[in-house]
Amino acid sequence: MMNYLITVNDEKLNIKKNDSDQLDMIEVGDSSFHLLQENKAYEVRLVHHNFLDKTLTLSVNGNLYDLKIEDEYDLQVNKMGLLAVSSQKVNSIKAPMPGLILDIMVTKGQEVEEGTPLLVLSAMKMENVILSQGAGIVKEITVKKDEPVEKGQLIIELE
């Protein structure tokens, strides 16, 4: 039986799949439901949902609740620390594949943030924008426009 951890406005609840199967709830409209729980009636409306993030916002009798749903697989991944973000400083940007430098979008001495477009690499008839993977200052640009590069070749150094 599948178990879920549901976070409702920072409060965590453990729910079993058959708990939701036993709800006395009927759909009364598009994204609107009528719920009876312990002889009390509730008007529930789905306000927003993001199925990829497993989040939703419900209106219950006019009060908004933000929910985050985690299933057993999400809990196991969190427990193993597979989603932990480790910060590391990236000092060298290397060509991810062989190709041709079409455009260089930064200059020596320029400050860049994570996600800043650095250059455009043409490979296999596709243009790939190479982004900075961390913050820093461009120390050296080791390639020129229209120059071919090999996979793993140093193209930009950051400090």
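Trainee: I would like to learn how to read strand pairing, so which residue in β7 is the bridge partner of Ile6?

Mentor: Before answering, keep in mind that this is a predicted model. The bridge partner of Ile6 is Ile69, which is found in β7. That pair belongs to a wider pattern, since β1 and β7 run antiparallel and are joined by five bridges.

Trainee: How many bridges pair β1 with β2, and in which sense?

Mentor: There are six bridges between β1 and β2, and the sense is antiparallel. As one case, Leu5 has Asn14 in β2 as its bridge partner. The two strands form a hairpin with two residues between them, and in this hairpin Asn9 takes a positive phi near 45°.

Trainee: In what order do the strands of the open sheet lie?

Mentor: A sheet is read from one side to the other by following which strand pairs with which, and here the seven strands come in the order β2-β1-β7-β6-β5-β4-β3, with antiparallel pairing. At the edges are β2 (11-16) and β3 (24-29), each of which pairs on one side only. If direction is ignored, neighbouring strands of this sheet are turned by 30° against each other on average. Within the sheet, β6 (residues 55-60) and β7 (residues 63-71) run antiparallel and are joined by six bridges, and Leu58 has Tyr65 in β7 as its bridge partner.

Trainee: Which helix packs on the sheet, and which strands are touched?

Mentor: The helix is α2 (residues 72-80), which touches β1 (3-8) and β7, and the direction of α2 makes about 75° with that of β7.

Trainee: Now to accessibility: is Ser59 buried or exposed?

Mentor: The general idea is to compare the relative accessible area with a cut-off, and under 20% means buried. Ser59, which sits in strand β6, is buried because its relative accessibility is 8%. Residues that touch Ser59, apart from those up to four places away in sequence, are Glu43, Val44, Arg45, Val47 and Leu64. You may set beside this His48 in strand β5 (residues 40-50), which is partly exposed because its relative accessible area is 45%. Once the neighbours within four places in sequence are left aside, His48 is in contact with Leu56 and Thr57.

Trainee: How many salt bridges does the structure hold?

Mentor: There are three, and each is best read by asking which atoms approach one another and which parts of the chain they join. Lys54 forms one with Asp71, where the closest N and O atoms are 3.3 Å apart. This pair links distant parts of the chain, with Lys54 in the loop between β5 and β6 and Asp71 in strand β7, 17 residues apart. Lys54 also forms a salt bridge with Asp74, with the closest N and O atoms 2.8 Å apart. Because Asp74 lies in helix α2 and Lys54 in the loop between β5 and β6, this pair ties together parts that are 20 residues apart in sequence.

Trainee: Which residues do the shared partners join into one network?

Mentor: Before I name them, consider the remaining pair, Glu140 and Lys108, whose closest N and O atoms are 3.7 Å apart. Glu140 is in strand β13 (residues 136-141) and Lys108 is in the loop between β9 and β10, 32 residues apart. The network that you ask about is made of Lys54, Asp71 and Asp74, joined by salt bridges that share partners.

Definitions and conventions:
Residues are numbered from 1 along each chain as its sequence is written. This is a predicted model: local features need pLDDT of at least 70, side-chain atom pairs count only at pLDDT 80 or more; totals for chains, interfaces and linings use all residues. Side-chain values use heavy atoms; hydrogens and water are left out. Two strands pair if DSSP finds at least two bridges between them. Helices (H or I, at least four residues) and strands (E, at least two) are DSSP runs, numbered from the N terminus. Axes are lines fitted to C-alpha atoms, for helices over the stretch in contact, and angles run from 0 to 180 degrees between N-to-C directions. Contact means heavy atoms within 4.5 Å. Buried means under 20% relative accessible area, exposed over 50%, partly exposed in between (1.4 Å probe, protein chains only). A salt bridge is a side-chain nitrogen of Lys or Arg within 4 Å of a carboxyl oxygen of Asp or Glu.
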